[in-house]
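Hello,

Here is the structure I promised to send over. Have a look at it first, and then read on for what I found when I went through it.

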Amino acid sequence: MADKSFNAFAMAQQQFDRVAEMLGLDQATRDLLRNPDREFQFNVPVRMDDGSMKIFRGFRVQHNDARGPCKGGIRFHPQETVDTVRALATWMTWKCAVVNIPLGGGKGGVICDPHHLSQREQEGLCRGWVQQVAGYIGPVQDVPAPDVMTNGQHMLWMMDEYEKIHRGHFPGMITGKPLGMGGSEGRTEATGYGVVYTLREALKRKGVDIAKTTASFQGFGNVSQYGVDLYTKLGGRAICVSSWDQADQTSYTFKKTSGIDLQELQGMADRFGGIDKAKAKAAGYEVLPGDAWIEQDVDILLPCALENQVNATTVKKIGKRVKFMAEGANGPTTPEADEILFANGVYTIPDFLCNAGGVTCSYFEQVQCNMNYFWPKDEVLERLDAIMTKAFHGVADLAEAQNVHMRDAAYMIAIQRVAEACRLRGRV
Ligand code: NAD
């Protein structure tokens, strides 16, 4: 499924260059912001269960910290590349800026497939990753979080290793921790719910009743599941999700026109969000090819799996009825596809605005850790909704006023905020 010719970082730079030009940014600011401030690439040796040593390749990229400590997840993925990590770190800078939280952008990763690693081997990988960058991450420098195929347990192993090295308690050094261990209520829901808060506002702006809409989701992981959850609670009908099938090494779409049942599908999914085909078929789901999610006759598409899913080829498969796209994943749409979506009048909520709920809640987690006082879930979600709603309308207002893509408007706001912080600090 991974397209080797696709370079996420080239795409992130292309998006930046376009808006830098629109804003008339000076050359020094362009040079500073189109490349990361710092990058770490390193080996992580892990003793495997069979006694052998295996060397994994790890990354941490710090794109920009002018507005606050770098913030961004760590992905465990067999196709991870440093360019993907660079792109994601860059997008984190814009993401934190567009929702106006005092953080910069970072991202990390390890080339590995956790499906084939025992818990003990994964623990070794987490601890080894921290050992390599312990001097450069931390509550006031760079704060990691979970991302694709990493979770709260991974974060706790990483925190424990960091605290052993630095001899103290530093719960604000990492987010996405389990509840009761410095985690925040609402963090699990935050990204998926945030996606739907922005979608809800987009529909309101266009005078569409969410209860009369249908949607197709790509992916069935954290973002997609909570996206389906809130979208359904608000009255929408989700008819498709898709997921990666580890045994077949391909993805499948699971469809039920009357509306999928989230809890039923959750009962058939492994911990990585892969859905069991046989059980789904028995429960009345159509099992279709992986890319079928995009060609459904729905009002809303929600790519919530990987980057480069809506590209020059797949964009042609999008049905005429689709009028909204909420990008739960990072970088799901290429610039070529973006132009076509804009021309076709598809209202796109760009990734770094749409999926900023996760980092916003991570910011809340840090704030709560620093106070050592934790808010109830309702309060977390209320604050999250307020931030997402305000950020969404700020972008939508600018897009309308200047008749530009939502993505360009979001970039304009974010880049201006970061450029101003760099200027005030005397970095440009
Ligand atoms: P996850 O690991 O929980 O789930 C990923 C899902 O995608 C799984 O259901 C998996 O089966 C599916 N998948 C993997 N490869 C696929 C393929 N080729 N085709 C179809 N489905 C495939 O990950 P997540 O946390 O839900 O993240 C999904 C996306 O959202 C990523 O782009 C991530 O960077 C982005 N994101 C996540 C968060 C967060 O808080 N989790 C925040 C912001 C952005």
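Let me begin with a residue in a loop: lysine 212 sits between H6 and E6. With a relative accessibility of 68%, lysine 212 counts as exposed. Its C-alpha atom lies 6.5 Å from that of glycine 236, although 24 residues separate the two in sequence. Please keep in mind throughout that this is a predicted model.

The next residue along, threonine 213, belongs to the loop between H6 and strand E6 (214-218). Is threonine 213 buried or exposed? At 3% relative accessibility it counts as buried, because the cut-off for that class is under 20%. The side chain of threonine 213 has two partners worth a look on screen. One is the backbone oxygen of isoleucine 210, which it reaches at 2.6 Å. The other is the side chain of tyrosine 231, with which it makes a polar contact of 2.8 Å.

Helix H6 itself holds glutamate 201. This glutamate is buried, with a relative accessible area of 5%. If you select its C-alpha atom, you will find that of alanine 396 at 9.7 Å, even though the two residues are 195 apart along the chain.

**The ligand**

Now to the part you may want to zoom in on. There are 27 residues around the ligand, and those that come nearest are Thr191, Phe220, Asn222, Trp244 and Asn330. By class, this shell is made of 11 nonpolar, 12 polar and four charged residues.

Three pairs of atoms are good to inspect by eye, and each has an oxygen atom of the ligand on one side. Arginine 187 places a polar side-chain atom 3.2 Å from a ligand oxygen. From phenylalanine 220 it is a backbone N or O atom, at 2.8 Å from an oxygen of the ligand. Valine 223 also uses a polar backbone atom, and here the distance to a ligand oxygen is 3.0 Å. How much of the ligand does the protein bury? On its own the ligand exposes 820 Å², and the protein buries 91% of that.

The elements that give two or more residues to the shell are helix H6 (187-205), helix H7 (222-233) and strand E7 (237-245). E7 has the largest share, with three residues. Where does the ligand lie with respect to the domains? Domain 1 (38-94 + 104-181) and domain 2 (184-428) both give residues to the shell, so the ligand lies between them.

**Strands**

Going back towards the start of the chain, strand E1 (residues 38-47) pairs with strand E2 (residues 53-64) in the antiparallel sense, over 10 bridges. Within this pair, phenylalanine 40 stands opposite arginine 60 in E2. The hairpin of E1 and E2 has five residues between the strands, and glycine 51 takes a positive phi there, near 95°.

Strand E3 (residues 70-77) is mostly covered, with eight of its eight residues buried. E3 pairs with strand E4 (residues 104-111) over six bridges, this time in the parallel sense. Here arginine 75 stands opposite glycine 109 in E4.

**Backbone angles in two loops**

Two residues other than glycine are worth checking for their phi angles. Glutamine 249 has a positive phi of about 55° although it is not a glycine. It is found in the loop between E7 and strand E8 (250-255), and at 48% relative accessibility it counts as partly exposed.

Asparagine 372 also has a positive phi, near 55°. Its loop runs between helix H12 (357-371) and helix H13 (377-402). Asparagine 372 counts as exposed, at 65% relative accessibility.

**A last residue**

Glutamine 402 is found in helix H13, and it counts as partly exposed at 44% relative accessibility. For a sense of scale, the C-alpha atoms of glutamine 402 and phenylalanine 170 are 44 Å apart in space, with these positions 232 residues apart in sequence numbering.

Happy to go through any of this with you at the screen.

Best wishes

Methods. Residues are numbered from 1 along each chain as its sequence is written. This is a predicted model: local features need pLDDT of at least 70, side-chain atom pairs count only at pLDDT 80 or more; totals for chains, interfaces and linings use all residues. Side-chain values use heavy atoms; hydrogens and water are left out. A residue is near a molecule or strand if one of its heavy atoms lies within 4 Å of it. A polar contact is a pair of N or O atoms within 3.5 Å; within protein, one must be able to donate a hydrogen and the other to accept it, and residues adjacent in sequence count only if both atoms are side-chain atoms. Accessible areas come from the Shrake-Rupley method with a 1.4 Å probe; for residues, only the protein chains shown count as cover. Helices (H or I, at least four residues) and strands (E, at least two) are DSSP runs, numbered from the N terminus. Ala, Val, Leu, Ile, Met, Phe, Trp, Tyr, Cys and Pro count as nonpolar, Asp, Glu, Lys and Arg as charged, and the others, Gly among them, as polar. Domain bounds come from an automatic or database domain assignment. Two strands pair if DSSP finds at least two bridges between them. Buried means under 20% relative accessible area, exposed over 50%, partly exposed in between (1.4 Å probe, protein chains only).
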